[in-house]
Amino acid sequence: MAQRKAQHYWRSWEEGPGASEFVQISRDEFAESLDRPTEQFSRRSFLKAAGFTATVTALAAGCSHAPVEKAIPYLIQPEEIVPGVSYFYATTCGGCSAACGVLAKNRDGRPIKLEGNPEHPLSRGGLCVVGQASLLNLYDSHRLKGPLREGQESTWAEADAHIRAQLETIRASRGAVRVLSGTVSSPTLRAQIQTFLASFRDARHIVYDALSSSAIADAHQATHGERRVPHFRFDKADVIVSFDADFLGTWISPVEFTRDYASGRRLDTLPPRMSHHTQVESRLSLTGAKADQRIRVSPAENAAWIESLAACLAKTAGAALPFALNGEVGPHNSIIEQLARRLWQARGRCLVVCGSQEPRAQILVNLINHLLGNYGTTLDWNAPSQQKAGNDCELEALSEELDRGRVAALFLLHVNPVYELPNGPAFRAALGRVPLVVNFADRWEETSSLSRFLCPDHNPLESWGDAEAVRGVYGLCQPAIRPLGNTRSVLESFAAWSGDTRSAYELVRAHWRENIFPHAGNAGEFDAFWDRAVETGFVSTAVQATNAKPFSFSALENLPKISTPAGLSMVLYPKVAMLDGRFAENPWLQELPDPISKVAWDNYACFSPAAAQRLGVQEGDVVRLETTTEGGATTSTELPAFLQPGQHDQVVAVALGYGRQGTERFANAGPKWLFARSGVGADGRVGKNAAPFVTLRDGYLQYVRGGIRVTSTGRRSALASTQGHHSLTMPKDLPLVGGQHRDIVRETTLPALLAGDFKAAPSPAKINGLWPTDHPYTGHRWAMAIDLTACTGCSGCVVACQAENNIPVVGKDEVLRHREMHWMRIDRYYAGEDEVDVVHQPMLCQQCDNAPCETVCPVIATVHSAEGLNQQIYNRCVGTRYCANNCPYKTRRFNWFNYMREDALQNLALNPDVTVRSRGIMEKCSFCVQRIEAARIEARRSDKLIADGQIQTACQQSCPAQAIVFGDLNDPSSRISKMVQGPRRFAVLEEFNFRPAVNYLAVVRNRDASGKSPSEDRSNG
Amino acid sequence: MNDRLITIVLLVGLAFSLGVFAVQAGSWHLPGNQQGYEPIQPIAFSHRLHAGEMQLGCVYCHSAAEVSRHAGIPPASTCMNCHRYVSAPLGVLRAEDDLAKKENRKPRSIVSPEIQKIYAALGLDDQLARDPQKNLAPIAWTRVYRLPDFVYFNHSAHVNVGVACQQCHGPVETMDRVKHVSDLTMGWCVNCHRTANAAGVATKPVHPSTDCSTCHY
Amino acid sequence: MASQSRPFDIPLVAGRKTPADVTRDICRSLEGKPTLLWWCGFFLALSLLALGLSAVSYEIATGIGTWGVNRTVGWAVGITCFVFWVGIGHAGTLISAILFLLRQRWRTAVNRSAEAMTIFAVMCAGIFPVIHLGRPWMAYWLFPYPNTRGPLWVNFRSPLVWDAFAIGTYFTISLVFWYVGLIPDLATVRDQLRGGFRHKLASLLSLGWTGSFRTWHRYESVYLMLAGLATPLVLSVHTIVSWDFATGVIPGWHATIFPPYFVAGAIFSGVAMVLTLVLVARKTMRLEDYITARHIDVMCKLVLLTSGIVAIAYATEFFTALYSANAYEEFAFLNRAFGPFGWTYAIMVSCNVLVPQLLWFRRVRSNLWVVFAISILINIGMWFERFVIILTSLHRDFLPSSWTSYRPTPIELCMLLGSFGLFFTLFLLFCRLLPVVAMAEVKGVLHVGHEKEPATGTVTPRPGVEEWEIANMGLPGGAA
Amino acid sequence: MSRRVVIGTFAEEGGLLAFIRAARSQGLTLVDAYTPYPVHGLDAAMGLRPSRLPWLCFLAAVTGAALKLLFEFWTTTVDWPLNVGGKPWNSLPAFVPVTFEVMVLSAGLTTVFAFLVLARLWPGKPPARRLPRATEDRFVAVLEESDARFQSSELRALFEQFGAEHVEEQLEESA
């Protein structure tokens, strides 16, 4: 039929029928002309040849067309999938043991974005940086493709055969079988492991957390007779006192806590509610940055403070203690009494938490909470947290067993002891003595490389599973994509080795039928229950009230004494992005500037400015940190120094999670050109591993190490910081304006706000400009409001934006050259010298009505939309960078090079709704215009108006504190138009009449009207 | 001598290429403009036959057009909705029936070569049952309409307000092989949006935006 | 006129030349073999050019990332060079057009080379805005042309579009002006040289000029027109360049003083560059008789004047900033002077304000070596002026969070050198190919300063022809 | 038709000036004068009317500017109004610079082009009259021997009187 019409147009020589021989001929031409001996081949004919060549090329250019493209449809299209339409699957985040609920946004069969599940009872729509970035782990080309045996590629059949055979012999010889894992939040998997171990005589499942909270559980063992980590309810607390617990950043369940904390500090409610938060800590943590009152103490003092607070409260409560507490902490009694008073007034409505691993400290904290009657109110005892099940005593025991070579089989599940434990080297050696080592790691790292069998687990987005974050709250994991490699769910592996051939799906389903469905209360069909669970991604079941045992004072009688580290002590802390280093190979996490230090791509030794001065250390100097154990063994490392205001002078703080094997890949992250510098340290890795400084003492992983000696190496190494100047007051070295303050962030105190005599911005004086107003915004008027009181600076929005808008990773060198690409950045400013107040200000394109960037663009590549959006049209941009120069907020980002993703696999994470920008063009925050357009089209399709809150920008969606609100200013009933009415509203640089569409709500601190936090009038201890 | 030879050959070549160019010049477009592109497809599917004579609605096959950015190319399974029963042009089947009656035997099943390609793709045997020996081979159609990556055109947005498919794709129901009729330049899009703003679509008032971010983001 | 009569005491052309001498002197420099000095200069210039070219091609192939610029400092050396070269260009048009209108007859000796300098400088300038683009191959989008985009034109509110038009016009008009001035001299060259490439070139470009007075008559009015047009043009061009910054909101850029400030600066730097060139040219081309100490002296005074204007501008913008009581404005200028890049500000002030003050002294003005040194220093200073304005304003603007620093990469520096390479290559070629002194004009003023004694070669007066007497007294009367 | 011309060469511009005045006063028809540089007063002596080029220049300037201004207004306000930085559709002040540049450009190019056309100059044109020294240092007057009563001898005398170095007669094709 087609042959009837022979003539048709063609797109390339290859395709065109007539073309081929033409190419042939023209080739012959040159063959003939050029094969001539030169003397015969005169200049004239050469010129002719040249002329002809030119013509041919001209022609070729003239009729060159786009390459032929194939469109290959499904053979048999799945019912529920329409190409080009996104679907959301409710599942559970596999980022850490907090097990937040997420929605996986799927497009054409692959997840392209993770979003918090708004209905999840704990995370309630929030998602942290790690959760957001965990999408990229799925598309990591370094993941193992299948099982490995002795480092050689193998098949599951083979691996299973060998493992089972060996297990048989072990069973016969009654050998010891150990499963070493991090906190397993999946009840099904816990059960599965138990059934697997049941068949052995000597089998145990040992759990530890690299970031351990073991002391909390043990303390409750002592005081309440049951080893539990209670469920902390910050939303119910009106007074919060935290001793070194970074609960907004990395402690136990940050997203949930942030959400609770924020809901305890809602100022738009009537009457405004604002909890009072005191942070007693040695380094400046994200939580400390938010505190109303922040007290700098050395790790040694910390316990003393707790003790005296306990004593003080005991006195107030008139509780008879069977022993004397030392209530003296030198000069600070006044503060302690004040704390105690505040807590006592809020009995039952307050919460005292402690991040220390000292059992004594934790027990005293329990006492305090008991005296204040917080158990049952702000500490949920019945539905305890399942997020930190680690038991360091057992870990200690295991390592002894290993040393003695008593273990016959060791199964390592999502742990990397060789890297993250202090006795890593010993562990490495010990592993060699274990006949059967099976590891479920998904990549080749410190520990897995030593295992005989590597049985890689699925990525959480590939497999069925479940998670119990808090007793009674069960999250369900469902696959969002077919497994990319020949990996296998741990569930199936354990099942297979205990002779059970069921799939993960069947296993989870069965477990839920038997153990969860019965408690679900609302009886009915299991299938219906299951479908609902799959749809919503979680179920909450009733928890039977375990009658809390009476507080046993006996625990207090022989309190373990504090081992006070002497002199300069090292505090090892996790960064919000890197945690214990589990995802160190994730470029999004590596490139995220730490919300406090604003440094990316490295860990470093933080000193307080005073300490640095005392030690004669400049920022960027590489210092040698070393300490000696009682045994005389020296631990040392070399790190660049970083000056951290607000940190205690007796402390050097170092982040864990760096120096991981596998980060070598980032050596050439970023563009390759003449003067490009490597993105990794001398040892080829990103940062240094600080785990050797952790100690495993008397059954506890301790993150404080005393007796640190600091020596300078004379070398320097630049830190990739994304922020140059750290305060809103001008540098002192400039005459006249030195010390002058810029009111870019506005701030007040709660009393001032309640008194009603605070107004963040002078009522917008009608600026009558020169121009006629040709641009009335009829229809929608998009705008954003950011509540700086709620914002904790956790940076979830930054990564969310990166994932949504295909923002490239540029690598350390480019960050050093101030070329990071994040559209959303978190500006962090300090006020004060060493007792600092901290504010975080999310800064993104302000979408000004009178946008300075638009006027100067010569090619109209950035103009205003009829709905108040400052549009950037990539394909029109020629790259003058004039707009970026003229942007008062410096929120525009330029593609200095072609910033490529690492490989094709990573490209699968790209959002098909956003253009991938090429080299030489400007880009910036678009208010997620692709979401706006989607909503508009949907509204038109369903003949409805766009409802308020229907459009959520990526940053807003991800924010655990719900600090960001986006909406339509022209809709008087919308949330945003209500928010901008309040007294706290201001806009940055408003006085210049740029008319930004982003509004900020002033920072409010819960202090006396003078705005001074009590900590300021005490001399630094 | 050689020079003259070269000269002649070159002149011939030049003449030839100019000839080719002359042919080209007729259909010259700005770079990127594919107007008039009409590739041969792997299966000689005739829109004239299906959309024209049989009067199948466009969205019967391109169903995604109502809900998605892409109109989508129908899966082979959609073809099978009819071609499970229709394996060749009606006339041919009739003829075979008559012949069979005459020779009083069961009519042989006739499968037209083009439709055979669908069966082959789905790995079906002549009883139209899945044949495990054969392996599935998706049909690689040659794409006719293509917008640059930085343009986000959404079919559903247009179909749902009642823009006729023909407005952009031309009288497809008269084409045996689909031809790229419109030039798909930005001006072409914008002008349509403008006129629609003024006159509405099919007398129904609509307000398509001419903001840049309507298509570019 | 009276005021003008005084300078004529000193001859404009030394050595009592006859028109024939002039022709010979100038044409000789075209015929003879180039001096060794010329070859050295040419080789140096050419190698710099090659360096620049390779740098540019690498940058275009790899990306603007090969420059030191960053998210906060989007412009630096590149745009600095642009403004610098445009500035250099201004002296040429000033001397040829404005001084022509002001009947400053001393210009005749230097205007040809000054105009050539203008054209080459504008060429150098024109390159930078193109190569500093993220996508240089899209540069033509800056011009409004009919297109299939709706059609989408350009943003006539953007100073960059103004720039594109200004630089384009400036280059075209300067070129035309220069060429029109060349026509009679080309005819002379055509008639003087016997064969050879230059003869061919001259006969092609001289457009068949015969010296017919009817043509001369029209020619003069055309030349006047062009001068009249070029004068406001030259002022407008740097005004527009200054608007690139003045229309921006960045403190340190957003200033109404910029247009006059930039124009003065441009003339300042331009005249300094002319000084540099003519001082070299008169030595290498043996033109001491035409470019006399007097020319140098006058130009030195011009430099002194413009330096004064620039100095006032510096003071004024500082004062305005401090007086404005605008925190951002105040900070911008204090940071400019005392911030991390204070040293650039120091160079700028010392080279542009302090050093030129030496020119108050006649002894300094008459010592050509010192003048040469000063002119070089001024060029350096003026380059830094632009660098200071661009960099120090950008690197610390409104939000302290986005303050950064800047350091140029070798690539950028190679481009800077390359632009000088291009400039001198073209200029040296010009010296070899075209008459470097406007012969026709010089011939017109040969007698100036020689009125006292009767010029040689004049025919002895005959009785009874009084009007001839008058005419024979020479041009002052005619000019008056 | 052909005509006879007398070509006198002077070494001094003064000589030429005086001669031409005298010649014209005697009603001789002057074809043209050739000088190495524009001799002041010669136009008056030759009785040349001031050139009309300035008017053309002015006209070109006005039209160029007007058209450009209209174009800018049309593109920003009529053809496709786009909200650029909240500026009004018709941002007249912003249109001035480009308008001015275009004005200068059109005026300059038109004038020069017109000049070349009027003076019949074009690239590679051979000189109409070969007077090599006229472009160097000599001043040449060319007279036409039109009326019969004119005696070439008297003419020579006149030349001599004003110190012509060299006088010759030519027969040339008149344009």
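These are my notebook entries on the cores, two sheet regions and two chain interfaces of a predicted model.

**Entry 1: nonpolar cores**

I began with the largest nonpolar core, which holds 334 residues, and looked up which of its members touch the most others: these are L180(A), F607(A), L625(A), F927(A) and W85(C). I then asked which element gives the most to this core, and found helix α9 of chain C, residues 258-284, with 16 residues. Next I listed the surroundings of W85(C), leaving aside residues up to four places away in sequence, and noted contacts with A121(C), C124(C), A125(C) and F128(C), with M273(C), and with S419(C), F420(C) and F423(C). There is also a second core, separate from the one above, with 51 residues, and I noted among its members V176(C) and W209(C) together with L30(D) and A114(D).

**Entry 2: strand β10 of chain A**

I turned to β10(A), which spans residues 239-243, and checked its burial: 5 of its 5 residues are buried. Taking the two faces in turn, I found V239(A), V241(A) and F243(A) on one side and I240(A) and S242(A) on the other, with every one of them buried, so I recorded both faces as covered, with buried meaning under 20% relative accessible area.

Which strands does β10(A) pair with? I noted β11(A), residues 276-281, which pairs with β10(A) in the parallel sense over 5 bridges, and β13(A), residues 350-354, which also runs parallel to β10(A) and is joined to it by 5 bridges. I240(A) serves as a useful marker here, since I found it opposite H277(A) in β11(A) and opposite L351(A) in β13(A). I also traced the connection from β10(A) through helix α7 of chain A, residues 254-263, to β11(A), and recorded a right-handed β-α-β unit.

**Entry 3: a mixed sheet in chain A**

I looked up an open sheet of 4 strands in chain A, ordered β40-β33-β42-β41, and noted that its pairing is mixed. The strands at the edges are β40(A), residues 964-968, and β41(A), residues 985-986; each has a single partner strand, so one side of each is left without a neighbour in the sheet. For β41(A) I followed the pairing to β42(A), residues 998-1001, and found it antiparallel over 2 bridges, with F986(A) standing opposite Y1000(A).

**Entry 4: chain D against chain C**

For this interface I counted 79 residues from chain D and 65 residues from chain C in the contact. The two chains bury about 6100 Å² between them, and 70% of that lies on carbon and sulfur atoms. On the chain D side I noted that E101(D), F115(D) and T135(D) lose the most area to chain C, together 10% of what that side buries. How many salt bridges does the rule find across the interface of chain D and chain C? I recorded 0 salt bridges there.

**Entry 5: chain C against chain A**

Here the contact takes 68 residues from chain C and 61 residues from chain A, and the buried area comes to about 5200 Å² between them, with 61% of it on carbon and sulfur atoms. In chain C, the residues that lose the most area to chain A are R71(C), R135(C) and L399(C), which together make up 15% of what that side buries. I recorded 2 salt bridges between these chains, and I looked up the meeting of the D397(C) and K890(A) side chains, a salt bridge with an N to O distance of 2.9 Å.

Methods. Residues numbered from 1 in each chain as written. Chains lettered and ligands numbered in written order. Predicted model: local features only at pLDDT ≥ 70, side-chain atom pairs only at ≥ 80, totals over all residues. Heavy atoms only, no water. Core = buried A, V, L, I, M, F, W, Y, C linked by side-chain atoms within 4.5 Å. Buried < 20%, exposed > 50% of the residue type's maximum accessible area, 1.4 Å probe, protein only. Contact = heavy atoms within 4.5 Å. Pairing = 2+ DSSP bridges. Right-handed = clockwise from strand over helix to strand, strands pointing away. Buried area = accessible area lost by both parts, 1.4 Å probe. Salt bridge = Lys/Arg side-chain N within 4 Å of Asp/Glu carboxyl O.
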